[in-house]
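Dear colleague,

I am passing on the structure below, together with some notes on its helix packing and its core. Please read the notes alongside the model.

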Amino acid sequence: PVIPGMSGQRVFNGDQSAGTQASLPADMIFRLCQRHMGSDAPSRGEVRTVAGDLPADTIESITNQVEQNYRSRIEGKSAARKVTIWSMGKQALIAAQQATRRY
């Protein structure tokens, strides 16, 4: 079947995709933030800017580590109001950027 334009993209790409926007490794953290923070999540552009040109395997590792740490230490506790999954992820991305610049 052929459904023209944006209507077709919504049907065939599903609700998770925003049109034909290219997916970058930093989008893993963006989707994690959306899942946990909803409308308070940072923009895709902000996440991509902080992630910079880190390799996909580094970003995947950071995403997994941040999610595990957030679920085990923060989620459901009063600290969740102060420490968001994005603040944890941003801190880890910045640390990884600094580590790669040292070498």
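Leaving aside its neighbours within four places in sequence, which residues is Ile-29 in contact with? With contact taken as heavy atoms within 4.5 Å, they are Val-47, Ile-59, Ile-62, Thr-63, Trp-86 and Leu-93.

This is a predicted model, in which local features need pLDDT of at least 70 and side-chain atom pairs count only at pLDDT 80 or more, while totals for chains, interfaces and linings use all residues. Residues are numbered from 1 along each chain as its sequence is written, and side-chain values use heavy atoms, with hydrogens and water left out.

Ile-29 also belongs to the largest nonpolar core (buried Ala, Val, Leu, Ile, Met, Phe, Trp, Tyr and Cys residues joined through side-chain atoms within 4.5 Å), where, of 21 residues, Ile-29, Cys-33, Ile-59, Ile-85, Trp-86 and Leu-93 touch the most other members. The elements giving two or more residues to this core are α2, α3 (44-51), α4 (56-74) and α5, helices being DSSP runs of H or I with at least four residues, numbered from the N terminus.

The axes (lines fitted to C-alpha atoms over the stretch in contact, with angles from 0 to 180 degrees between N-to-C directions) of α2 (residues 27-37) and α5 (residues 85-102) come within 9 Å and cross at roughly 160°. The two helices are therefore roughly antiparallel, a term for angles over 145 degrees. Their contact is made by Ile-29, Leu-32, Cys-33, His-36 and Met-37 of α2 and by Ile-85, Trp-86 and Leu-93 of α5.

Glu-67, in helix α4, is buried (under 20% relative accessible area, 1.4 Å probe, protein chains only) at 17%.

Best regards

Notes:
Parallel < 35°, antiparallel > 145°, perpendicular 65-115°, else oblique. Buried < 20%, exposed > 50% of the residue type's maximum accessible area, 1.4 Å probe, protein only.
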